[in-house]
Structure formats: C-alpha cells, structure tokens
Amino acid sequence: MIDRSWSSDDILSQLGRVAIITGASSGLGEETARVLAHKDAHVVMAVRDTVKGEKVAAVIRGEKKNASISVMALDLCSLKSIEDFSNKFLNEYQRLDLLINNAGIMMCPRSTSADGFEIQIGTNHFGHFALTGRLIERLKSTEDSRVVPVSSIAHKGGKLNFDDIHWGKRNYNTIKAYCDSKLANLYFSYELARKLADTVTTPRIVAAHPGVCRTELTRHSKVVELMGKFMAQEQAVGALSLLRAATDPLASNGDYYGPSGLFEMGGAPVKVDSTQRSKDESVGRRLWELSEELTGIKY
C-alpha cells in the first residue's frame, strides 16, 4: 500500500547530527533548514548570499529557541569557492550526517560559470559533484550519513550531449539545458550509490524531487512562474520529499523520493521511479569520468 501521509511529524529527533543544505537562503532549502533546525539538527546553510542567509537564520532562531544554525559562503558556480567552503567546514566540524544538494538554477539566460561550465549543469551538477567529492571522506567517517541529490520531474526531458555539454555549438535552449542538468543529478546519484554499495562505511545516497513548487527558482521563466500560481504546491510541502530522503530510516541506498500525486506534481512524499534513461549505467559512468576531468575531483 502506498503511504500518502508522511509529514515532518514523522521525522525523529536529529539532535547531535550535522546537516549541510546548499541554497538554504530561500525556497526548498530554507524550508528544509527550518524543519531540520526545529528537529534539533545543527544546520549549516551553504549559501551564495550570506547576508540573505543570516536573515533567514535569524527568523528560524526566532521560531525556535536555541536553534543550532550557522551560515557559510558557498558559490557552486566556482570550484575555488567550493574548495574554500569545504576546507572551512572540514576544519570546523568532525562529522557530517546529511549533505542535501538542493541549490539550483532553472531556465535562465545562457551564461557560464567561473570555470567555463554552462551555468545550469555547472551549478546543478558539476558544482555539487565537486562539493560532495571534497566532503565524501567526512561522510564516510560519520555513521549513518546520507547524501540527498535533488533532481526534478524535468529530468524526463533530458538527454545529455557529450559532444557539446556546455552548449558552445548548439543554439541555446534553456529548458533543455535545465532538463539535462536534472538528469545529470540522477546519473550522479545512481553512480555514487553503485560505487559505495560494497564499502564498509557507506553514506546512503537517496535522491529526491519536490514536484512543482512556488519558489524563487522559477523567476527566469514567466510562463513557468504563471503556471505555478495555479498548479504548484507550497514549498513546505515540496520540501517534504527532500526531508524524507534525508531522514526516513527505511530509505535505502539508491532510492528516489517524490510527491505521491498526479504526475508527481504534488502531494506527500513516497518512493518514486525515474526514467530508464536515467538508469543507463554506461552514461552514468561516462558523466562521472567527465565530471572528474572537468572539476579535478576524484572520489
């Protein structure tokens, strides 16, 4: 029987656990930070705009007395920023229980990252690939740790072009580029789950997608933003898929969570499936090798 009733009330105490949430200054990341802080985790908000992040942290502290929350600068468009963040975190924290790779860019005008990556796959995939790689040993040394890559139902429209991964030759299609980046999130999730499956100290890799939500992510697409006013669920509901992937004791390595409603657009979180394309191990390995080459990070 499908469980359609899971909510944040089902989350056990997270006291003593350390969680990094990328993109935690708004939208799904903000809500995920809020819930985990209320469940007594120590939350590290990894954000590009630390002023905005501190304002969100102050609100959460106002909601919960003694909330344990800190803000650290991280720009996923920059491998140098990722290195700086990781070094600072590793110097300050001896454990990492949850890494929630939530930050993302959606359907924006074409641009490139500081390292020359197409901005959407550069942020949504390559940035998180590098971040996770720099933190993987700390995750391995923390009992029952977990990585949550955040994908999207848009992955269904993706198909990677390895001959032009950064759209330097083709006419730029921002929707297609976004779909590709979200497909890349799943290739990464499944490939990392496979690579860690036989190790003794294994962080569980549990992916999630939020369905369709009203967040700042849609700001670059007026059509999607307009549709969201009528069809999207609140970010508090969308964040539940991320939270279940991060905290459900029954979640297994390689699982994928999303909303239970029609076309997975909304509803309480359940285990869902992704496209057959996303499970192509040969493509997953190829993307992994390219990611190592482009980021200089080897796990």
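Select the six strands E1 to E6 to begin: in this predicted model they form an open sheet of 6 strands in the order E3-E2-E1-E4-E5-E6, with parallel pairing. The edges of this sheet are strand E3 (69-73) and strand E6 (204-205), each of which pairs on one side only. Starting from the E3 edge, colour strand E2 (residues 42-47) together with E3; the two run parallel and are joined by 5 bridges. To see one of these pairings at residue level, pick Val 47, whose bridge partner in E3 is Ala 73.

With those strands still shown, add helix H3 (residues 79-92), which packs on the sheet and touches strand E1 (18-22), E2 and E3, its direction making about 145° with that of E3. Then add helix H7 (residues 235-247), which also packs on the sheet, here touching strand E4 (98-101) and strand E5 (146-149), and whose direction makes about 155° with that of E5.

Now stay with H3 and select Phe 89, which has its place in that helix. Is Phe 89 buried or exposed? Its relative accessible area is 0%, so Phe 89 is buried. Leaving aside residues up to four places away in sequence, Phe 89 touches Val 18, Ile 20, Val 44, Met 72, Arg 95, Leu 96, Leu 135 and Arg 138, and it is worth displaying these side chains together. For a sense of scale, draw a distance from Phe 89 to Asp 180: the two residues are 91 apart along the chain, and their C-alpha atoms are separated by 30 Å.

Move next to the middle of the strand order and select E4. The side chains of a regular strand alternate between the two faces of the sheet. In E4, Leu 98 and Ile 100 point one way while Leu 99 and Asn 101 point the other way, and all of them are buried. On one side, E4 runs parallel to E1, to which it is joined by 3 bridges, and the bridge partner of Ile 20 in E4 is Leu 99. On the other side, E4 and E5 pair in the parallel sense over 4 bridges, with Leu 99 standing opposite Val 147 in E5.

Hide the sheet and bring up the helices, looking at them in pairs. Two packed helices are described by the angle between their axes and the distance between the axes. Helix H4 (residues 119-140) and H5 pack at an angle of about 20°, with their axes 8 Å apart, and this angle makes H4 roughly parallel to H5. The crossing of these two helices, H4 and H5, is right-handed. To view the contact, select from H4 the residues Gln 120, Ile 121, Asn 124, His 125, Phe 129, Thr 132, Ile 136 and Lys 140, which meet a set in H5 that includes Thr 174, Tyr 178, Ser 181, Asn 185, Phe 188 and Leu 196. Coloured by class, the contact of H4 with H5 shows 9 nonpolar, 7 polar and 2 charged residues.

Keep helix H5 (residues 174-196) and replace H4 with helix H8 (residues 281-295): the axes of H5 and H8 come within 9 Å and cross at roughly 95°, which makes H5 roughly perpendicular to H8. Here Ala 184, Tyr 187, Phe 188, Glu 191, Leu 192, Arg 194 and Lys 195 in H5 meet Glu 281, Val 283, Gly 284, Arg 285, Leu 287 and Trp 288 in H8. The residues of this contact of H5 with H8 divide into 7 nonpolar, 1 polar and 5 charged.

Then select the other sheet, an open one of 3 strands in the order E7-E8-E9, with mixed pairing. Strand E7 (207-208) and strand E9 (269-271) stand at its edges with a single partner strand each, so one side of each has no neighbour in the sheet. Strand E8 (residues 256-259) and E9 pair in the antiparallel sense over 3 bridges, among them a pairing to label in the viewer, in which Tyr 257 has Lys 271 in E9 as its bridge partner. Show H7 again, because H7 packs on this sheet too, touching E7, E8 and E9, with its direction at about 155° to that of E8.Finish in two loops. Most residues other than glycine have a negative phi, and most peptide bonds are trans. Trp 167, in the loop between E5 and H5, has a positive phi near 60°, and at 6% relative accessibility it counts as buried. Phe 263, in the loop between E8 and E9, likewise has a positive phi, of about 55°, whereas with a relative accessible area of 60% Phe 263 is exposed.

Definitions and conventions: Residues are numbered from 1 along each chain as its sequence is written. This is a predicted model: local features need pLDDT of at least 70, side-chain atom pairs count only at pLDDT 80 or more; totals for chains, interfaces and linings use all residues. Side-chain values use heavy atoms; hydrogens and water are left out. Axes are lines fitted to C-alpha atoms, for helices over the stretch in contact, and angles run from 0 to 180 degrees between N-to-C directions. Angles under 35 degrees count as roughly parallel, over 145 as roughly antiparallel, 65 to 115 as roughly perpendicular and the rest as oblique. Contact means heavy atoms within 4.5 Å. Ala, Val, Leu, Ile, Met, Phe, Trp, Tyr, Cys and Pro count as nonpolar, Asp, Glu, Lys and Arg as charged, and the others, Gly among them, as polar. Two strands pair if DSSP finds at least two bridges between them. Buried means under 20% relative accessible area, exposed over 50%, partly exposed in between (1.4 Å probe, protein chains only). A crossing is left-handed if the near helix is turned anticlockwise from the far one by less than a right angle, and right-handed if clockwise.
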